[in-house]
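User: Please go through the ligand site of this model with me, giving the cut-offs as you go.

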Amino acid sequence: MKRYGNFIDGVMDFDGEEEVLYSPADGRQIAVITKANYEKAKEAIDSAEHTFKNVWSSISLQRRRQLLLRLSEIVQERSDEYALLESLNTGKTLRQSMFMDIPLGIEHISYFAEKAEFRDSREIEHPEYPGTKGIVQYLPLGVVAAIAPWNVPFLMAVWKIAPALLAGNTVVLKPSHYTPLTALELAEDAKKAGFPDGVLNVVVGDGSTVGNALIESEKVNHVSFTGSTRTGKEVMMKSSSSFKKITLELGGKSPNIVFDDADLNRAAKGILFGIYLNSGQLCESGSRLLVQSDIKNKLMEKIRYYMARMRAGNPTDMETDISAITTQEQRNKIIEIVERSKDKGADVLYSKEISGKVPEKGIFYPPTLLDNVSSDMDAAREEIFGPVLAVMEFKDEDEAVRIANDTDYGLAAGVWSKDIEKANRVANRILAGTIWINEYHLLSAAAPRGGFKKSGIGRELGLEGILEMTQTRHIFINESGTDLSDVAYALVVNE
Ligand code: NAD
């Protein structure tokens, strides 16, 4: 069993309290980690700050791209190891890790290395002042502290690290202490790729100690946080005292809207993919199904047909379709919200039988359909973050939009219709950062992602995501020697 330290200044630092990690897939011991404390987090910040000032800030954008590309190649060579580790640590199916999370993460690193349209400066003209020019520079901020949740740890590490490093920052990443393993592997591989020591540091620990140390530090210039809306609020308040830039990627309660002219078979598959991928533990999970009344029965029949075929088993078996729940606390939360909604009148339309098929020591919750959910129930308002689909009905376009927007969140939505004009019209009325039309969940490194309303501030990925990690400087040059006296000096200078 591998022992992991905190990755600080280019070395695994084993100084700290050890903790054994168990797999939520089947309860096996998978690794020993070392928890950081407040002081350790400060050491990591010091390393990142020192390296930024003395080493990394003089490394060119081209060189940073080369290093990222090398990192993607190294991870690619070990992709099977990463996939297994990710599955064991989170409980997600090995098929998901092998065919989605890990290859997508690798592709995203190479996207930032090779394709991202980021340039670190551009020239502008000043229309007001002929004969002058401007240079706008996109400069790194310095030390970026990245705080990540437990659900997609590898992808999350990539999304936090690659744009920040490309933009020229150094990073201290705090993965969730439940699922830190692939982020720690990534840090070791970054060193192998040639990143200087101190450019990427990973500290593992609780939010209240290590997370706090990162947020409060005057040496940290940007906090890139992904997690719950509740914690995001705290991060925002605590970061304000030192005027840090922040990016918040928070929770969601995303609607998947199916109109009666949709391809129902595709829609049924998309809805299942939208809610049961990763057992619903994805911020963008399509956890509210909004279905047009006249096709409800037909659609539910199709959904149940596919649910009956989903295979429960050990998530590390390649045939298994159902992911475990990553923590016992999360499973308890799912149970509580479902029970509260049942008390208020929601009905369990279907709950997949998984007992006896899943490992005894694993943590599981059966894929569940909750019917007769009304907008005032917790199942419609609270992020369950589990394999529970709340089913609601609508009569027409206006009602669909009204229910879709009747939420504090605004992260994502899906619209299913063969009438693309209508789908576009609906998409344009939904207050959310990502809308899929006849699709769900597909993420691109080229596209910014993030939330409206209480789903967040700022964007991750895409050019917008890189620019979040920069500060601009404008240099105004009068290289032609043009006399600007008419528009400027003559206001105060008389010759
Ligand atoms: P969480 O908010 O409990 O924790 C997220 C991270 O913050 C963890 O690393 C945690 O240790 C740390 N943390 C906790 N308290 C802290 C504090 N006081 N100060 C600083 N850091 C602190 O979230 P979670 O349970 O790990 O993850 C699930 C949540 O993440 C869900 O709400 C989900 O929607 C959200 N999420 C959002 C996105 C997105 O891109 N919008 C992606 C994935 C997950």
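The questions below concern the ligand and the residues around it.

Analyst: This is a predicted model, in which local features need pLDDT of at least 70 and side-chain atom pairs count only at pLDDT 80 or more, while totals for chains, interfaces and linings use all residues. Residues are numbered from 1 along each chain as its sequence is written, and side-chain values use heavy atoms, with hydrogens and water left out.

User: Which side chain has an N or O atom 3.0 Å from a nitrogen atom of the ligand?

Analyst: Polar contacts here are pairs of N or O atoms within 3.5 Å. An oxygen atom of the ligand lies 2.6 Å from a polar backbone atom of Ala148, and an oxygen atom of the ligand is 2.8 Å from a side-chain N or O atom of Ser228. For the ligand nitrogen at 3.0 Å, the partner is the side chain of Glu234.

User: How much of the ligand's exposed area does the protein bury?

Analyst: Accessible areas come from the Shrake-Rupley method with a 1.4 Å probe. Taken alone, the ligand exposes 840 Å², and the share of this that the protein buries is 89%.

User: How many charged residues does the shell around the ligand have?

Analyst: Asp, Glu, Lys and Arg count as charged. Beside 11 nonpolar and 10 polar residues, the shell has a charged group numbering 5.

Terms used:
A polar contact is a pair of N or O atoms within 3.5 Å; within protein, one must be able to donate a hydrogen and the other to accept it, and residues adjacent in sequence count only if both atoms are side-chain atoms.
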